[in-house]
Amino acid sequence: MPAGRPTKYDKDIHPEQAFKLCLLGSTDMQLADFFGVEEKTINNWKEKHPEFLQSIKAGKEEADAKVAQSLYNRALGYSHPEDKIFNANGEPMVVPTTKYYPPDATSAIFWLKNRQKANWRDKQEIEQSGKVSHEHEFIESIKPTTGLPSERDS
């Protein structure tokens, strides 16, 4: 008989719950809080229960894909159908329209900085070559001053 406390893991419930929580953007720490365990336990469950690990990965990948699609749409601009509701002499009037969102420069910059780092990152690597020379002529008659009183001033 194995030593230690019995596991709280339920193979019939936990993978599905973890998938749904990850779709909502939950982190491993938030999963641990939801299941009433330590984050280390979540990591142990991932190792011992492949279906649990797969459900977490699938949920996080799907959520990330949705966010990436939304960011992409914001970067390019998009439109969608929308109903506008007006008051026409005390009666509601529904008018189907199309709502338009123009391209968003911040979203485009963010997308490009992450997808094409070499071309769009803030810090550019520029290589220069060549020789630099510098000549300095010292004039004997000009002496630097120290700002201290000279011996004659004393």
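# A tour from Phe-34 outwards

Start by selecting Phe-34: with a relative accessibility of 47%, Phe-34 counts as partly exposed. The model on screen is predicted. Now add Phe-35, which counts as buried because its relative accessibility is 10%, and the cut-off for buried is under 20%. Show both side chains as sticks. The rings of Phe-34 and Phe-35 form an edge-to-face aromatic pair, with 5.2 Å from centre to centre and 80° between the planes.

Extend the selection to Tyr-9, Trp-45 and Phe-52. Ring pairs join these residues with Phe-34 and Phe-35 into a cluster. For the whole model, the count of aromatic pairs is eight.

**Helices H2 and H3**

Next, select residues 28-35, which are helix H2, and residues 39-48, which are helix H3. Their axes come within 8 Å and cross at roughly 100°. H2 and H3 are therefore roughly perpendicular to each other, since angles of 65 to 115 degrees are classed that way.

To see the contact, show Asp-28, Met-29, Leu-31, Ala-32 and Phe-35 on the H2 side. On the H3 side, show Glu-39, Ile-42, Asn-43, Trp-45 and Lys-46. Coloured by class, the contact of H2 with H3 has six nonpolar residues, one polar residue and three charged residues. Phe-35 and Trp-45 were already selected as members of the aromatic cluster, and here they appear again in the helix contact.

**Leu-23 in helix H1**

Move to Leu-23, which lies in helix H1, residues 14-23. Leu-23 has a relative accessible area of 28% and is therefore partly exposed. Which residues does Leu-23 touch, leaving aside those up to four places away in sequence? They are Gly-59, Glu-62 and Ala-63. Then put a distance label between the C-alpha atoms of Leu-23 and Glu-61: the separation is 8.3 Å, for residues 38 apart along the chain.

**Helices H4 and H5**

Select helix H4, residues 50-76, together with helix H5, residues 105-115. The two axes come within 7 Å, crossing at roughly 125°. That angle makes H4 oblique to H5. The crossing of H4 and H5 is left-handed.

Which residues of H4 meet H5? Pick Ala-68, Leu-71, Tyr-72, Arg-74 and Ala-75 in H4. Their partners in H5 are Ser-107, Ala-108, Phe-110 and Trp-111. By class, the residues in the contact of H4 with H5 are seven nonpolar, one polar and one charged.

**The strands and their tyrosines**

Now select Tyr-78 and Tyr-101. Is this aromatic pair stacked or edge-to-face? The rings of Tyr-78 and Tyr-101 are stacked, at 4.9 Å centre to centre and 20° between the planes. Tyr-78 belongs to strand E1, residues 78-88, and Tyr-101 to strand E2, residues 91-101, so the pair ties together parts 23 residues apart in sequence. Tyr-78 is at 29% relative accessibility and counts as partly exposed. Tyr-101, at 25%, counts as partly exposed too.

**The whole chain**

Finish by zooming out and colouring by secondary structure. The protein has six helices and two strands. From the N terminus, the order of the elements is α-α-α-α-β-β-α-α. Of the 154 residues in the protein, buried ones make up 16%. Among contacts with a separation of 6 or more, residues 24 or more positions apart account for 46%.

How values were computed:
Residues numbered from 1 in each chain as written. Predicted model: local features only at pLDDT ≥ 70, side-chain atom pairs only at ≥ 80, totals over all residues. Heavy atoms only, no water. Axes fitted to C-alpha atoms, helices over the stretch in contact; angles between N-to-C directions. Helix = DSSP H or I, 4+ residues; strand = E, 2+ residues; numbered from the N terminus. Parallel < 35°, antiparallel > 145°, perpendicular 65-115°, else oblique. Left-handed = near helix turned anticlockwise from the far one by under 90°. Contact = heavy atoms within 4.5 Å. Nonpolar A, V, L, I, M, F, W, Y, C, P; charged D, E, K, R; others polar. Phe/Tyr/Trp six-rings, centres within 6.5 Å; stacked < 30°, edge-to-face > 60°. Buried < 20%, exposed > 50% of the residue type's maximum accessible area, 1.4 Å probe, protein only.
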